[in-house]
Amino acid sequence: MNEIPAESGGNDRKGNMNVKDNLILEQYRSEKSRYEQLGKVVQKRLEDIAAESSVSVMTVGHRLKDEKSLCGKLYRKGEKYRSLEDITDILGARIVCYFYDDVDVLGKQVEKSFVVDWENSVDKRKQMRADSFGYLSLHYICSLPKDAGFPQELCDVRFEIQIRTIMQHVWSEINHDLGYKSDFGMPCAVIRQFARLAGMFEIIDEEFMRVRDGMNAYTSQTRKKIQDDKAQDVLMDNVSLREYMLYNKKIRAFLERIAGIEGSEITEISPESYVPQLKWLKKNTIGDVQSMLYENEELAFELARKSLAGSELDVVASTVALRFLCRAELLSKNYTEQQAVEFILLSVSDKKRAERQAEMLFRQKQEL
């Protein structure tokens, strides 16, 4: 692969490399460690960007083009490059995020954090014809800013950053894999199939955003109803119960009362695991949960006091309020001890342990 042919005007048909391309390859070998160091710096900065942007990402990664891949690039396109510096994707970094509009959020942060070579950067989303489908992503050619504390020897090296969604990533990887594995190229019919699939993936990206926006709207509406104490008819589910436990003044006052038994701090825990238990108790709305608090607060507090007094707990979980309210409900509504075992088994897999807890609960009832 690396033989120097007699004529150095270009790569010959056998894949032998000319003098210029051999020099580029030698330069790559000598500077590989610098690219490796740069990769670590870029990876760390991209991770920080994702955290600072409050954008959930699936992966942040980078890769260094290996020697075999570089040789293939030089064989195919060597006439474009005079030196290693002309090849902008020796180092490639990628952020894969969940939602389409997060691509732009991350892109703006990349533009602020790196020096962008706009002449060579590509927003493929703007290049696609309106009647076509394909791989839509954001590609930046960047370098490190010289005034941001990075090692100066790394600041003149250009690299590529790609930002794409999961759907774009899946489509691109499959397209790349199948296309590169074919010895004859992709037939027109197959290319058309890929274009149709790209359109479907684009629709899926949009639908995921709609689902997210719908969930956010539902959460905001539920939160306002709970804060205004108008959530009686809101169905009890993971979202509404979480919002109720966080923002309803009455349940928060009860929780703080329990925490005061030992002067414990409250740590917020998702109440999701209590949804099946509350449904077992026939609590289907937030109003049902609120009624359970009105009816059983004093009994639940006494159960909590018996269990926690003298324990010297520094921290209690926010779900402790539901724990004792549910147990007070079992006692006040005259559930049997066997039914209490069935209820406790919803959260405890060990039947013997569930039986011990039920027995203790009913013994506490006799002591009250």
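**Exercise 1. Locate Asp-229 in the chain and describe its backbone and its exposure.**

Step 1. Asp-229 lies in the loop that runs between helix 6 (188-227) and helix 7. The model examined here is a predicted one.

Step 2. The phi angle of Asp-229 is positive, at about 55°, although the residue is not a glycine. For comparison, most residues other than glycine have a negative phi.

Step 3. The relative accessible area of Asp-229 is 32%. Buried means under 20% and exposed means over 50%, so Asp-229 is classed as partly exposed.

**Exercise 2. Determine whether Ser-54 is buried or exposed, and state where it lies.**

Step 1. Ser-54 is found in the loop between helix 1 (19-52) and strand 1 (57-64).

Step 2. Its phi is near 55°, which is a positive value in a residue other than glycine.

Step 3. Ser-54 has a relative accessibility of 68%, and therefore it counts as exposed.

**Exercise 3. Describe how helix 12 and helix 13 pack against each other.**

Step 1. Two packed helices are described by the angle between their axes and the distance between the axes.

Step 2. The axes of helix 12 and helix 13 come within 8 Å and cross at roughly 130°. Helix 12 is therefore oblique to helix 13.

Step 3. The crossing of helix 12 past helix 13 is right-handed.

Step 4. On the side of helix 12, the contact is made by Glu-337, Ala-340, Val-341 and Ile-344. Helix 13 contributes Ala-354, Glu-355, Gln-357, Ala-358, Glu-359 and Phe-362.

**Exercise 4. Identify the largest nonpolar core and the helices that supply it.**

Step 1. The largest nonpolar core has 47 residues. Those with the most contacts inside it are Leu-241, Tyr-244, Phe-254, Ile-258 and Leu-278.

Step 2. At least two residues of this core come from each of helix 7 (238-247), helix 8 (249-259), helix 9 (275-280), helix 10 (286-308), helix 11 (320-332), helix 12 (337-344) and helix 13 (351-367).

Step 3. Consider Leu-278 with its neighbours within four places in sequence left aside. Its contacts are then Met-236, Leu-241, Lys-283, Val-289, Met-292, Leu-322 and Cys-326.

Step 4. A second, separate core consists of 39 residues, among them Val-60, Cys-71, Leu-74 and Leu-154.

**Exercise 5. Summarise the chain as a whole: its secondary structure, burial and surface.**

Step 1. The chain contains 13 helices and eight strands.

Step 2. Of its 368 residues, 43% are buried.

Step 3. Among contacts between residues at least 6 apart in sequence, 70% join residues at least 24 apart.

Step 4. The accessible surface comes to about 20,700 Å², and 51% of it belongs to carbon and sulfur atoms.

Methods
Residues are numbered from 1 along each chain as its sequence is written. This is a predicted model: local features need pLDDT of at least 70, side-chain atom pairs count only at pLDDT 80 or more; totals for chains, interfaces and linings use all residues. Side-chain values use heavy atoms; hydrogens and water are left out. A nonpolar core is a set of buried Ala, Val, Leu, Ile, Met, Phe, Trp, Tyr and Cys residues joined through side-chain atoms within 4.5 Å. Buried means under 20% relative accessible area, exposed over 50%, partly exposed in between (1.4 Å probe, protein chains only). Helices (H or I, at least four residues) and strands (E, at least two) are DSSP runs, numbered from the N terminus. Contact means heavy atoms within 4.5 Å. Accessible areas come from the Shrake-Rupley method with a 1.4 Å probe; for residues, only the protein chains shown count as cover. Axes are lines fitted to C-alpha atoms, for helices over the stretch in contact, and angles run from 0 to 180 degrees between N-to-C directions. Angles under 35 degrees count as roughly parallel, over 145 as roughly antiparallel, 65 to 115 as roughly perpendicular and the rest as oblique. A crossing is left-handed if the near helix is turned anticlockwise from the far one by less than a right angle, and right-handed if clockwise.
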